[in-house]
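Visitor: Good morning. May I ask some questions about the structure on display?
Guide: Certainly; please look at it first.

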Amino acid sequence: MMKSPVHRCRDVEHGRGESRAGSNGLQPEQRIPISKDFITSSSSSAMWFIRDTCGIVCSIITWLLVFYAEFVVLFVMLVPAKNLTYSIVNGTLFNTLAFLALASHLRAMCTDPGAVPKGNATKEYIESLQLKPGQVVYKCPKCCSIKPDRAHHCSVCKRCIRKMDHHCPWVNNCVGENNQKYFVLFTMYIALISLHALVMVVFHFLNCFEDDWTKCSSFSPPATVILLILLCFEGLLFLIFTSVMFGTQMHSICTDETGIERLKGETGKWGKVPCWEAMQTAFGGRLSLSWFSPFTGLSCKKGPIEHIAIPQGEIIQQEVIEIPLTSSM
């Protein structure tokens, strides 16, 4: 992530800035936050990785659990199976879904979720936006950036994130405007491989009960039972968890309302788009196979993204800044 000098920045709450705006004579209907289209991320093309110990550990655990499921499915259930067609079909399907799940996880973790450039709350930068008189912009008191509409500050990423839904330690990243698709795909594919593993465990148990336990696995019967029970517990737990997260994310997309906005009661402060249009924006265009691929980018943009060079200058102290700027700032 790029580093910008963030000097003279006071760590105070946004509400205090609003109260000061009221004392300066600004009416509530005048305080209109600028659109996100004016402020673009300066790091969307760069490598993005959050150095958070908890998130890194959770991400490693996620990959290890998928590898454990791969081991049990392949070497405990499919390789010893007598039906070759059954082994090939289920092995190909499970490995494909697991590969897509890990690829989606990697994209969700290493994609800039929509970070606002840090430390751009300068007079020179605000003037370069060429805003109309009477508009009011907000400054984040924590990262000293100009907050576009529907952006929230993440204390873990230490950045303001556009359309931030939540920070997920399992992907070691925020779920925001640019990586929500990959997070949705990750939860979907994890739910599918969990369901697939549970179905195979049930069939394996039924076959072993009818046959000799020593012939249905290359491991000893006690080891086989323990491995299958652990996989069953893991699959059931993650099936429930990821299914709930998948449903929550799809609901957020269709209602054009993030989790933080719903939690803070910020609904109705922007013009919501229809469900299908929101789906196309989130997944990158019209319905196609690319919706289900973690290797395609988000091409559904209303206009070309321009990365504006941030003019250097001193950080403005006010948290609610009225246009035009005054010399006292």
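Guide: One definition helps at the outset: a residue is buried under 20% relative accessible area, exposed over 50%, and partly exposed in between (1.4 Å probe, protein chains only).

Visitor: What kind of model is this?
Guide: This is a predicted model, in which local features need pLDDT of at least 70 and side-chain atom pairs count only at pLDDT 80 or more, while totals for chains, interfaces and linings use all residues. Residues are numbered from 1 along each chain as its sequence is written, and side-chain values use heavy atoms, with hydrogens and water left out.

Visitor: Where does F219 fall, buried, partly exposed or exposed?
Guide: F219 has a relative accessible area of 30%, so F219 is partly exposed.

Visitor: How many aromatic pairs are there?
Guide: A search of the whole structure finds 6 aromatic pairs. Rings of Phe, Tyr and Trp (its six-membered ring) pair if their centres lie within 6.5 Å; planes under 30 degrees apart are stacked, over 60 edge-to-face, and the rest tilted. One of the pairs joins F71 and F75: the ring centres are 5.6 Å apart and the planes stand at 40°, so this pair is tilted.

Visitor: Where are F71 and F75 along the chain?
Guide: Both lie in helix α2 (residues 53–78), and because they are 4 residues apart there, about one helical turn separates them. Helices (H or I, at least four residues) and strands (E, at least two) are DSSP runs, numbered from the N terminus. F71 is partly exposed at 33% relative accessible area, and F75 is partly exposed at 43%.

Visitor: What about the rings of F71 and F219?
Guide: Their centres are 5.9 Å apart and their planes are at 70°, so that pair is edge-to-face. The pair links distant parts of the chain, as F71 is in helix α2 and F219 is in the loop between α5 (180–210) and α6, 148 residues apart. F71, F75 and F219 form one aromatic cluster.

Visitor: Changing topic, where is F241?
Guide: F241 lies in helix α6 (residues 221–255). Its relative accessibility is 39%, so F241 counts as partly exposed. The C-alpha atoms of F241 and T187 are separated by 8.6 Å, and these residues are 54 apart along the chain.

Visitor: And the chain as a whole: how many helices and strands?
Guide: The protein chain has 8 helices and 7 strands. Of its 329 residues, 47% count as buried.
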